Amino acid sequence: GLAEIEVYWGQLAENVEMKVPVSGLYHVVLDLNLDGQLTATGGKQIMLVPVAWGIRGGFIDANWNNTIEATSASKFDKKHMEFSFKDVVVKKDDAFKFVQADCWKIYLDMMGQVKCETSLGIENGEITTFGEEINFSIERGIYEMKLVWDLKGGACGKSFSYTTEKTGEPAAEEYVPTDHKVGISGSMNSWGDPAGLYLGVYNESKSEVTDPTTGAGNFVYELKGVTFDADNSFKFRFDDEWLGLAAVEITGVEATGSDDGFGGLNISVPAGCYDMVATVVWDGAQRTALKIAFAEGTPSEVEYADIAITAIVPAGWEKCYIWAWGPNDVNYTGGEWPGEELTIENGKVAKAFTQVATPLNVIFSNGAGVQTIDITNVEDGAEIDIQANLKQ
């Protein structure tokens, strides 16, 4: 996000001189309370907000919550200013908007009902407030972007223009399967994050790297024994993305879409039990496709549960790792020995698992050759004495 800025706000009064402490570009919001909405807040008001431009977009985070701050601005001369954004990594088909003061809107009342739009988008090819997202039609790369302000009359957006200049290529990004979560969220699991039956299990043998130089490839996750009722609707998930009917390639079943209320389509399939093979197509920097193959499945007999455990760490251990797995050798701690490192506090470690297949089994180790035996059928709330379970 952006650095904090000082906002100047108050009620309008006659014969009072207004000054700002620092010369610069300000966003001025004036509301004369003609509709009475600000009466409880003191009546007609004015607000001065120092301009601090940033960028929000899909290439920063999927939920558009984080902001890239302008790295520099030209000297203020009352008519021209340039805000620069350097080393911006752009993925193809991404979109963005310019935001002011790390927010979409400036609010004038405590209830958040009286507000002024401060983001800049595109409408009819021109920058404007309340505009649509700015879509890149340029190739993936590293860019320097500039938002240019030249004082003009009329609407706020008429004073702005922007440029993009490609300065380099992003480094290849190896696909690490355990860093990504592939699964389903829908009415079957109260639209919660994928877990248990609805979380895909990575299948290394079916996955392949097609370009060792860039790390591009096809990476496969499997979901087995998932039952859908006739009234179920859902979306596929890749990390924080919610992927509706238009965003995934579905084969093996006739899928239909329904309006999700946010401009997308929830997915429905004929009632039944399915196995699914989800293939993530990775180009070396981003997911470019998610392909889902449905096949008839058998209802899962595996039970899932939330399991939280603690363990007493032997004296002298500087590090403690946990290796955890369930039925069919599904691993819950990364899949690479010795597993997940835990933080030792007051001689103990703790780990909470969400909707893992039971029975759950664990091994604790110090990462240097000392480990426990297989501790099986671990139950929620268990406290394990590692010393008493060391492998001889």
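This report describes strand pairing, nonpolar cores, ring contacts and one loop residue in a predicted model.

Residues are numbered from 1 along each chain as its sequence is written. Because the model is predicted, local features need pLDDT of at least 70 and side-chain atom pairs count only at pLDDT 80 or more, while totals for chains, interfaces and linings use all residues; side-chain values use heavy atoms, with hydrogens and water left out.

**Strands and sheets**

Strands are DSSP runs of E with at least two residues, numbered from the N terminus. Two of them pair if DSSP finds at least two bridges between them.

An open sheet of three strands has the order S29-S26-S32, with mixed pairing. Strand S29 (348-358) and strand S32 (383-385) are its edge strands, and each pairs on one side only. On average, neighbouring strands of this sheet are turned by 30 degrees against each other, direction ignored; the axes are lines fitted to C-alpha atoms. Strand S26 (residues 303-312) runs parallel to S32 and is joined to S32 by three bridges. Ala 311 is found opposite Ile 384 of S32.

Strand S30 (residues 360-365) is largely enclosed by the rest of the structure, because six of its six residues are buried. Buried means under 20% relative accessible area, exposed over 50%, and partly exposed in between, with a 1.4 Å probe and protein chains only. One side of S30 carries Leu 360, Val 362 and Phe 364, the other Asn 361, Ile 363 and Ser 365, and all are buried.

The antiparallel pairings are listed here.

| Strand | Partner | Bridges | Opposed residues |
|---|---|---|---|
| S27 (residues 320-325) | S30 | five | Ile 322 and Phe 364 |
| S30 | S31 (residues 375-378) | two | Leu 360 and Val 378 |
| S22 (residues 256-259) | S23 (residues 265-268) | four | Ser 258 and Asn 266 |

The hairpin of S22 and S23 has five residues between the strands, and in this hairpin Gly 261 takes a positive phi near 85 degrees.

**Nonpolar cores**

A nonpolar core is a set of buried Ala, Val, Leu, Ile, Met, Phe, Trp, Tyr and Cys residues joined through side-chain atoms within 4.5 Å. The largest has 29 residues, of which Phe 228, Phe 236 and Phe 294 touch the most other members. Two or more residues each come from strand S16 (182-186), strand S18 (216-228), strand S19 (234-238), strand S24 (272-282) and strand S25 (287-296). Another core, of 21 residues, lies apart from it and includes Phe 83, Leu 120, Tyr 143 and Met 145.

Contact means heavy atoms within 4.5 Å. Leaving out residues up to four places away in sequence, the contacts of Phe 294 include Phe 228, Phe 236, Ile 250, Val 253, Val 269 and Met 276.

**Rings and charges**

Rings of Phe, Tyr and Trp (its six-membered ring) pair if their centres lie within 6.5 Å. The whole structure holds 15 aromatic pairs. Phe 228, Phe 234, Phe 236, Tyr 274 and Phe 294 are linked by ring pairs into a cluster.

A charge sits over a ring if NZ of Lys or CZ of Arg is within 6 Å of the ring centre and within 35 degrees of the ring normal. The charged end of Arg 237 is over the ring of Trp 242, 4.0 Å from its centre. Lys 351 lies over the face of Phe 353, at 5.3 Å from the ring centre.

**Gly 24**

Gly 24 is in the loop between strand S1 (8-11) and strand S2 (26-31). Its relative accessibility is 23%, so Gly 24 counts as partly exposed. Thr 118 is 94 residues from Gly 24 along the chain, and their C-alpha atoms are separated by 17 Å.

Notes
Axes are lines fitted to C-alpha atoms, for helices over the stretch in contact, and angles run from 0 to 180 degrees between N-to-C directions. Rings of Phe, Tyr and Trp (its six-membered ring) pair if their centres lie within 6.5 Å; planes under 30 degrees apart count as stacked, over 60 as edge-to-face and the rest as tilted.
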